Amino acid sequence: HGNTDNSPTTKSDIFMRGWMDTNALIVKYGFRKENVETIVSKSSMMLREGTPALFKTASDMGVPLIILSAGFRELIHEHLGQSGINLRLDNILANTMVFGEGGQLVAFEDTVVHKCNKTLHLFPQVRGRLAGARKVMLLGDILDDLTMWQGLDVAASDVVNIGFLNKNGAPQLLQEFVAKYDIVLLDDAPMHFVSDLFEGICKIARIHKSVRPLSEMRPWM
C-alpha cells in the first residue's frame, strides 16, 4: 500500500519539494530576464473581464491590494503591466526570481510559495504594512486559497471570502465551495460583481459616521 496520508503537513511537504525542484530546473536551464516579457506576450492567459476596474477602485480609495500566488512574481507583474495595470512589485507575493548582472536567472528567493502554504505568515514585512487592516476581501479559485489572509490581526468574521469556481473545476467541488466561501461565482465569471461590491463597501465605510475616512485607515486588502 502506498502512503495515503493526506494530512496538511504531508501535502505541504510534497508541494514544497516539487516547487523547489521545479525552481532549480528553471535556474539550471538558463532562464533569462528577457524571457519574462516574451513568455507573457505569447501566453494565452487573460485577466477576468472587469479586473482593471477593481484595481482602479482600490487605487482611488487608497486601499491596499495584495496578490498572493504560487506562481512567479516577475511573470505576474509583467502580465499586469501588459494588461495596463500598474501594481507595486512588492504587493505581489509569489516566488521571486533573482537575476545576475548579465540577466541570467541565478536563484530564487528563499521564500517558496506553493498551493498549500499560501498565508501572510510567509511575508512579515507585508504584515507590518497591513497592520492597520480591519477587514479583508479575499478572492480565490481553489479551496487552499481560503488561508491567504492568515497572518493578519483580523478576526475570521471580518473576512469576506469570494470563490471563483471555474468551468474546468470539478462539479463535486461546488458543494465544498458553497460551504466554505461566503460568495461563489461560477463559470469563469467576470470581476464586475466583485468590483461593484468592493466599491459599495468602500462608499458605505466613507459615509458611515462611526468609521473614519478611508484616507485615515486601511480597512480592506
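Before I start: helices here are DSSP runs of H or I with at least four residues, numbered from the N terminus. Also noted: this is a predicted model.

**Second largest pocket.** I began with the smaller entry on my list. Helix 3 gives the largest share of the lining of the second largest pocket, five residues. The lining holds 17 residues, and Ser 59, Val 63, Leu 65, Leu 87 and Asn 91 lie nearest the centre. I get about 330 Å³ of space in there. By class I have nine nonpolar, four polar and four charged residues.

**Largest pocket.** Next I pulled up the largest pocket, with a volume of about 1400 Å³. It is lined by 44 residues, and the closest to its centre are Arg 48, Ile 67, Ser 69, Leu 139 and Asp 141. Which element supplies the largest share of this lining? Strand 1 does, with six residues. Other elements that each supply at least two include helix 2 (34-42), helix 3 (51-61) and helix 7 (192-207). My class split for the lining is 31 nonpolar, seven polar and six charged.

**Sheet.** Then I looked at an open sheet of three strands, ordered 5-6-7 with parallel pairing. Strand 5 and strand 7 (183-186) are at the edges with a single partner strand each, so one side of each has no neighbour in the sheet. On average, neighbouring strands are turned by 20 degrees against each other, direction ignored.

I zoomed in on strand 6 (residues 159-165), which pairs with strand 7 over four bridges. Ile 162 sits opposite Ile 183 in strand 7. Last entry: helix 6 (residues 173-180) lies across strand 6 and strand 7, at about 165 degrees to strand 6.

Key: Residues are numbered from 1 along each chain as its sequence is written. This is a predicted model: local features need pLDDT of at least 70, side-chain atom pairs count only at pLDDT 80 or more; totals for chains, interfaces and linings use all residues. Side-chain values use heavy atoms; hydrogens and water are left out. On a 1 Å grid over the protein atoms alone, a cavity is a set of points where a 1.4 Å probe fits but cannot get out, and a pocket is an open set with protein on both sides within 12 Å along at least five of seven lines; lining residues have an atom within 4 Å of a point. Grid points are joined across faces, edges and corners, and a volume is the space filled by probe spheres set on the points. Ala, Val, Leu, Ile, Met, Phe, Trp, Tyr, Cys and Pro count as nonpolar, Asp, Glu, Lys and Arg as charged, and the others, Gly among them, as polar. Two strands pair if DSSP finds at least two bridges between them. Axes are lines fitted to C-alpha atoms, for helices over the stretch in contact, and angles run from 0 to 180 degrees between N-to-C directions. Contact means heavy atoms within 4.5 Å.
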